[in-house]
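This briefing introduces a molecular structure to a reader who is beginning to study proteins. Please keep the sequence and the structure in view while reading.

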Amino acid sequence: MNALSKLSELSAGTSAVVREFPKQGSAFLRLREMGLMPGTALTLIRTAPLGDPIEVKVRGYNLTLRKSEAEQILVEASAKA
Amino acid sequence: MSADTRSPASPRTPVYAFVGNPNCGKSTLFNALTGLKQKVGNYPGVTVEKKIGETYSQHGHPIKIIDLPGAYSLAARSPDEAVLRDVLLGRRADTPQPDRIVCILDASNLERNLYLVHQILDLGRPVILALNMMDLAAKSGLEIRVARLEKELGIPIIPCEAANGKGIVELRLAMSRSDLPLAKHAWEIPAPIAPAVSELAASLQENDGKAPFSARAEALLLLTDQDTVRVTGSKPLHPRTSAIFHNWQKRWAGEGTDWAGSLVSSRYDAITELCSRIVVRKANVGPSVSDRIDQVVTHPVWGWTSLAGIMALLFLSIFTLAELPMNFIDGRMAALADWVKSVMQAGDFRDLITDSAIAGVGGVLVFLPQILILFFFMGLLESTGYMARAAFIMDRMMSRVGLNGRSFIPLLSSYACAIPGIMATRTIEDQKDRLTTILVAPLMSCSARLPVYLLMMAALVPGERVPLLTKVSIMLLMYSLGTLGAFGFAWLFKRTLLKGEPPLMIMELPPYRLPRVRDIAFHMIERAWMFLKNAGTVILALSIVLWFLAAYPKAHDGATTTQQLEQSFAGKAGHTLEPVIKPLGFDWQIGIGLISSLAAREVFVSTMGIVFNAEGSDENTAPLRESMLKAKWPDGRPLFTPLVCLTLMIFYVFAMQCMSTLVVVKRETNSWRWPLFQIAYMTGTAWVVCFIVYQTGHALGF
């Protein structure tokens with residue numbers, strides 16, 4: 001198992017799987033309803049030109065969230081292909 | 001209560017609800033089925049668009065369709081989603097509970113779209129699934145086994161491409177069926193939560209009078225609806241039910257059970273499992289067209305370039321394309337007034353029609369071309385998907401004042417006219433963000449302020465022509481003052497009055513789509529009509545009042561218009577106002593201008609024309625400038641010193657002088673409280689800033 005890192009620290013183009021996801025807070029319930037939860041595979045597409053928010057591809061679509069949320073989500077980066 | 005409506009013999013028109021995620025092509029499908037037979041309004045008490053249309057079954061029987069707002073979940077976080085939930089559950093007294101539901105899905109993004117469907121199947125109503133955008137799914141290398149899905153769920157599945165008109169006939173056919181099967185919809189509620197669901201469902205049925213088939217759905221919703229958006233028309237829970245709910249919550253909190261999270265996860269588990277059997281990834285196609293466009297428009301360099309380019313195009317088209325129809329409307333209204341003058345006898349009634357009714361309504365109509373173009377552009381940006389990208393790249397900047405990227409386009413378009421900007425704030429999910437944006441939008445210098453700025457600049461500078469550099473720098477100063485004011489107040493409101501949850505930017509970046517001009521045009525006309533109906537009537541009333549104030553009491557026979565105005569109610573009001581505005585360097589004559597331009601800012605120019613008895617027009621202010629420069633205070637000091645001109649411009653930057661905007665704000669916020677607050681804070685700021693500028697300038701000897 002690879003080391004866990006924050007979703008906010010993933011570099012563009014990296015794929016990862018969500019391992020730890022906050023249980024509290026309406027923002028995270030919202031993200032779950034949008035399909036982001038423990039076990040979900042995602043790819044970090046890009047960071048906005050000004051450094052925030054980030055864009056991830058999850059379940060086949062593109063989603064943005066701010067770094068303030070992303071840094072509370074821990075992911076396991078997949079081995080580079 | 002609605003079991004009987006499912007029987008084929010029922011004479012009542014069946015009511016269908018159209019539901020789906022945002023960007024799934026729901027409106028296109030709705031428009032294709034109903035054509036022009038739709039009624040657009042608002043749900044009473046909330047600013048959510050209510051669309052009801054009519055179509056015919058294959059046998060020619062009428063079918064009613066309610067196009068519900070797009071949403072990702074029934075657990076409401078915004079008024080849009082609350083309306084969706086409440087209509088589906090029959091909680092709204094103003095809307096019939098739909099008998100049947102058509103769920104529209106974006107086939108190229110099935111997993112997330114199925115989440116809402118999964119919640120809707122809980123409701124125990126007959127459901128038809130319309131798998132839209134099958135072509136796009138195929139293009140992205142996905143094969144969807146429709147027959148398999150139909151078998152798994154046991155309900156009709158209609159593949160369609162609404163944009164190309166494919167699948168409409170089949171959908172109508174399915175909607176015409178007298179019998180629709182209920183879905184095979186069994187999913188396991190996570191073990192720690194299941195007993196709570198049954199207990200809540202029982203209580204909901206017993207105490208809240210919920211129908212047996214929807215009680216379970218209500219119970220499930222209760223558990224994910226953490227900060228339930230309560231809207232007027234929805235009934236509160238029975239105390240017994242809420243007691244049960246709070247007991248369970250306490251128990252789970254003690255055990256560390258994340259009830260809401262595990263409910264969502266178990267739904268997605270069921271969906272992922274289903275999709276593994278019905279979605280086949282045939283080919284791994286490379287980056288899509290959308291991905292390639294995004295590489296440019298969200299690029300650190302090209303992103304800004306394209307944003308600037310698109311915005312430049314927007315403003316260029318507003319100011320150039322709108323000019324012709326504006327002149328035309330202006331000319332027509334003038335011709336109409338002349339015609340009335342030629343056929344009616346001179347008198348007060350004739351003046352009432354020409355000077356107040358025609359002039360007032362004309363003043364609103366003249367801005368219509370601009371507003372239409374703005375609506376069209378914003379529809380274009382929204383439906384192509386660019387709006388979300390602009391929000392994405394601007395988010396960081398907007399977050400500095402506590403807003404999110406979604407507020408950017410509404411604020412920017414307020415530079416042309418605040419009305420479409422304010423109406424576009426409906427895309428902002430967070431209510432406090434939306435209200436903040438509405439409150440500050442009129443501070444962005446709109447085009448109605450231009451005539452005032454131009455007149456004041458002409459009076460400010462000696463000589464016939466204003467040097468370009470002076471003109472540009474003064475304009476720049478005014479625009480930046482307004483912008484600074486807007487952002488400053490947004491910052492202030494988000495910290496005080498409208499303090500809320502930490503701001504979020506959870507947003508889908510939908511794939512780029514070719515715009516559907518027909519749908520955009522539909523939307524544009526709807527919006528424009530709404531504006532005309534609302535603003536038009538209020539402006540008409542206000543124009544009559546203002547006309548009356550300027551026309552009575554009558555001066556002696558043979559008085560000039562200037563003399564008439566001076567001794568009218570408006571003139572007296574100007575005198576009454578003088579003590580208040582004297583510290584700003586304004587006299588009663590300017591006071592009359594300020595009062596009359598409460599209807600719309602540009603009226604200031606024509607009022608000044610009457611006050612100083614000068615012929616002229618918006619374009620040619622030279623004669624008016626001459627007379628204004630001759631104006632003096634009673635003690636002989638000149639009235640329009642450069643400092644006064646500058647102060648007056650600053651006054652117009654901040655003051656709330658636009659009745660149409662106020663009417664629209666009232667409509668969009670559902671109360672007079674916010675427009676009144678706007679008048680108070682904006683005009684108050686205008687006074688304070690002008691006071692400081694004038695007094696400082698005066699002390700420095702200007």
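The points below are grouped by topic, from the overall form of one chain to its sheets, contacts and domains.

The structure is a predicted model. Chain B contains 30 helices and ten strands, and its assignment divides it into four stretches listed as domain 1 to domain 4. One open sheet of seven strands includes strands of chain A together with β10(B).

**Overall form of chain B**

- For 702 residues, a compact globule would be expected to have a radius of gyration near 27 Å, and the 30 Å of chain B agrees with this.
- Along the principal axes, the C-alpha atoms of chain B fill a box of roughly 90 × 55 × 55 Å.
- Of the 702 residues in chain B, 46% count as buried.
- When contacts in chain B between residues at least 6 apart in sequence are considered, 72% of them join residues at least 24 apart.

**The sheet that includes strands of both chains**

- The strand order of this open sheet is β1(A)-β6(A)-β2(A)-β3(A)-β4(A)-β5(A)-β10(B), and the pairing is antiparallel.
- Strand β1 of chain A and strand β10 (507-509) of chain B stand at the edges; each has a single partner strand, so one side of each has no neighbour in the sheet.
- From one strand to the next, the twist averages 45 degrees.
- Strand β1 (residues 4-6) of chain A pairs with strand β6 (residues 74-77) of chain A over three bridges, in the antiparallel sense.
- Within this pair, A:L4 stands opposite A:E76, and A:S5 has A:V75 as its bridge partner.
- Strand β2 (residues 15-20) of chain A is joined to β6(A) by four bridges, and the two strands run antiparallel.
- Here A:V18 has A:V75 as its bridge partner. A:V75 is thus named both as the partner of A:S5 and as the partner of A:V18.
- At the junction between the chains, β5(A) and β10(B) run antiparallel and are joined by three bridges.
- The bridge partner of A:L63 in β10(B) is B:E508.
- Helix α16 (residues 386-399) of chain B lies across β4 (54-58) and β5 (61-65) of chain A together with β10 of chain B, and the helix runs at about 120 degrees to β10(B).

**The sheet within chain B**

- Seven strands of chain B form an open sheet with mixed pairing, in the order β2-β3-β4-β1-β5-β6-β8.
- Its edge strands are β2 (38-42) and β8 (157-159) of chain B, each of which pairs on one side only.
- The average twist from one strand to the next is 25 degrees.
- Strand β1 (residues 15-20) of chain B pairs with strand β5 (residues 100-106) of chain B in the parallel sense, over five bridges.
- One bridge in this pair links B:Y16 with its partner B:R100 in β5(B).
- Helix α3 (residues 110-121) of chain B packs on the sheet and touches β1, β5 and β6 (127-132) of chain B; the helix direction makes about 165 degrees with that of β5(B).

**The contact between chain A and chain B**

- The contact involves 27 residues from chain A and 30 residues from chain B.
- On the side of chain A that touches chain B, α1 (26-33) and β5 of chain A each supply at least two residues.
- The largest share of that side, seven residues, comes from α1(A).
- The residues on this side of chain A comprise twelve nonpolar, six polar and nine charged.

**Domains of chain B**

- The assignment for chain B lists domain 1 (3-176), domain 2 (194-281), domain 3 (302-321 + 367-447 + 498-515) and domain 4 (552-699).
- The C-alpha centres of domain 3 and domain 4 of chain B are 31 Å apart.
- Eleven residues of domain 3 of chain B are in contact with 13 residues of domain 4 of chain B.
- On the side of domain 3 that touches domain 4, the elements giving two or more residues are α18 (418-423) and α19 (431-440) of chain B.
- Helix α18(B) gives the largest share of that side, four residues.
- The residues on this side of domain 3 divide into nine nonpolar, two polar and no charged.

Definitions and conventions: Residues are numbered from 1 along each chain as its sequence is written. Chains are lettered from A and ligands numbered from 1 in the order in which they are written. This is a predicted model: local features need pLDDT of at least 70, side-chain atom pairs count only at pLDDT 80 or more; totals for chains, interfaces and linings use all residues. Two strands pair if DSSP finds at least two bridges between them. Axes are lines fitted to C-alpha atoms, for helices over the stretch in contact, and angles run from 0 to 180 degrees between N-to-C directions. Two residues are in contact if their C-beta atoms, placed from the backbone, lie within 7 Å. The radius of gyration is taken over C-alpha atoms; the globule rule is 2.2 Å times the number of residues to the power 0.38. A residue is buried if 20 or more other C-beta atoms lie within 10 Å of its own, exposed if 12 or fewer, and partly exposed in between; C-beta atoms are placed from the backbone. Ala, Val, Leu, Ile, Met, Phe, Trp, Tyr, Cys and Pro count as nonpolar, Asp, Glu, Lys and Arg as charged, and the others, Gly among them, as polar. Domain bounds come from an automatic or database domain assignment.
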